[in-house]
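Let's take a friendly walk through a protein model together. Have a look at the picture first, and then read on.

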Amino acid sequence: MDDTELYREQILRHAGPVVTGRFLGYRASYTREVKVGQPLLIAVFVTATIAQLLGTLLVALLRTGGTGGARRKFKELKKGPEYLVTPVRLRDDLGQTYEVEMHGQLPQSALHRGDLVQVRTVLQKDPDLPAKLQQVLNLETLQPYTPRIPTMWSHLGPGLLIQAVLGLSVATAVAAAWIA
């Protein structure tokens, strides 16, 4: 056994809702995929398809020659957006080192090595993963930061969501007329 194994630093996880300490730095980042709820995705995709078909029919009637915009396939939409996961290390006043996961990104100037910070964390569903950083307060600058990750709604995009609302409106109107 060599000296590095005898004096290996213990990294603590699941430290509690608030950890105050010195920022030691970021570890190597990697990506993780946001899960997309399939029933909701199917509903949005089908109603958007109705609106797109009506738009194509309208364009054909007006003979403007438009072919419509490029449409993403269902398979592409089913694969959720990826977000950046960066392990962050902190050391408290007692010398204990903590590791939390930051999902998303912060500005480059937000944290510098040695800054006194206070991080608010939440436990993740997987108990093997470190706590997730919700917000970091840089106590040197008194600036709060919240990392942002893409959501299912930002992944679908405003164009598809508007088409889905129009398609749902048309489908509801047709169903109401058919029932009456």
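The report below goes from the overall build to the cores and then to a few single residues.

## The overall build

This is a predicted model, and the protein chain has 180 residues, of which 29% are buried. Five helices and eight strands make up its list of elements. If you trace the chain from the N terminus, you meet them in the order α-β-β-β-α-α-β-β-β-β-β-α-α.

How much of the contact pattern joins residues 24 or more positions apart? Among the contacts with a separation of 6 or more, such pairs account for 71%. On the outside, the chain exposes about 12100 Å², and carbon and sulfur atoms supply 60% of that area.

## How confident is the model?

The average pLDDT of the protein chain is 77, and 74% of the residues score at least 70. Where is confidence lowest, and where is it highest? The lowest mean, 53, belongs to helix H1 (residues 3–6), while strand S6 has the highest, at 92. Where pLDDT is low, the predicted coordinates should not be read in detail.

## Two nonpolar cores

The largest nonpolar core consists of 16 residues. Leu 90, Leu 106, Leu 111, Val 117, Val 119 and Val 136 are the ones with the most contacts inside this core. Strands S2 (18–26), S4 (82–91), S5 (97–103), S6 (116–122) and S7 (132–138) each give two or more residues to the core. Strand S5 provides the largest share, three residues. Apart from this core lies another one of six residues, including Val 44, Ala 48, Leu 156 and Ala 164.

Try finding Leu 90 in the picture. Leaving aside neighbours within four places in sequence, Leu 90 is in contact with Val 19, Arg 22, Phe 23, Leu 24, Gln 96, Thr 97, Tyr 98, Val 117 and Val 119.

## Val 119, a buried residue

Val 119 is found in strand S6. Is this residue buried or exposed? Val 119 counts as buried because its relative accessible area is 1%, and the cut-off for buried is under 20%. Beyond the residues up to four places away in sequence, Val 119 touches Pro 17, Val 18, Val 19, Leu 90, Leu 133, Gln 135 and Val 136. Pro 144 is 25 residues apart from Val 119 along the chain, and their C-alpha atoms are separated by 9.5 Å.

## His 103 and its surroundings

His 103 has its place in strand S5. With a relative accessible area of 6%, His 103 is buried. Its side chain makes a polar contact with the side chain of Glu 101, at 3.1 Å. Not counting residues up to four places away in sequence, His 103 also touches several others, among them Arg 32, Tyr 83, Lys 132 and Ile 149.

## An aromatic pair

The structure holds one aromatic pair. Phe 23 and Tyr 26 form this pair, which is edge-to-face, with 5.0 Å from centre to centre and 65° between the planes. The partners sit in unlike surroundings: Phe 23 counts as buried at 3% relative accessibility, whereas Tyr 26 counts as partly exposed at 37%.

## Ala 171 in a helix

Finally, look for Ala 171 in helix H5 (residues 158–179). Ala 171 is partly exposed, with a relative accessible area of 30%. Ala 51 is 120 residues apart from Ala 171 along the chain, yet the C-alpha atoms of the two are separated by 9.2 Å.

Key:
Residues are numbered from 1 along each chain as its sequence is written. This is a predicted model: local features need pLDDT of at least 70, side-chain atom pairs count only at pLDDT 80 or more; totals for chains, interfaces and linings use all residues. Side-chain values use heavy atoms; hydrogens and water are left out. A nonpolar core is a set of buried Ala, Val, Leu, Ile, Met, Phe, Trp, Tyr and Cys residues joined through side-chain atoms within 4.5 Å. Buried means under 20% relative accessible area, exposed over 50%, partly exposed in between (1.4 Å probe, protein chains only). Helices (H or I, at least four residues) and strands (E, at least two) are DSSP runs, numbered from the N terminus. Contact means heavy atoms within 4.5 Å. Accessible areas come from the Shrake-Rupley method with a 1.4 Å probe; for residues, only the protein chains shown count as cover. pLDDT is the predictor's confidence in each residue, from 0 to 100. A polar contact is a pair of N or O atoms within 3.5 Å; within protein, one must be able to donate a hydrogen and the other to accept it, and residues adjacent in sequence count only if both atoms are side-chain atoms. Rings of Phe, Tyr and Trp (its six-membered ring) pair if their centres lie within 6.5 Å; planes under 30 degrees apart count as stacked, over 60 as edge-to-face and the rest as tilted.
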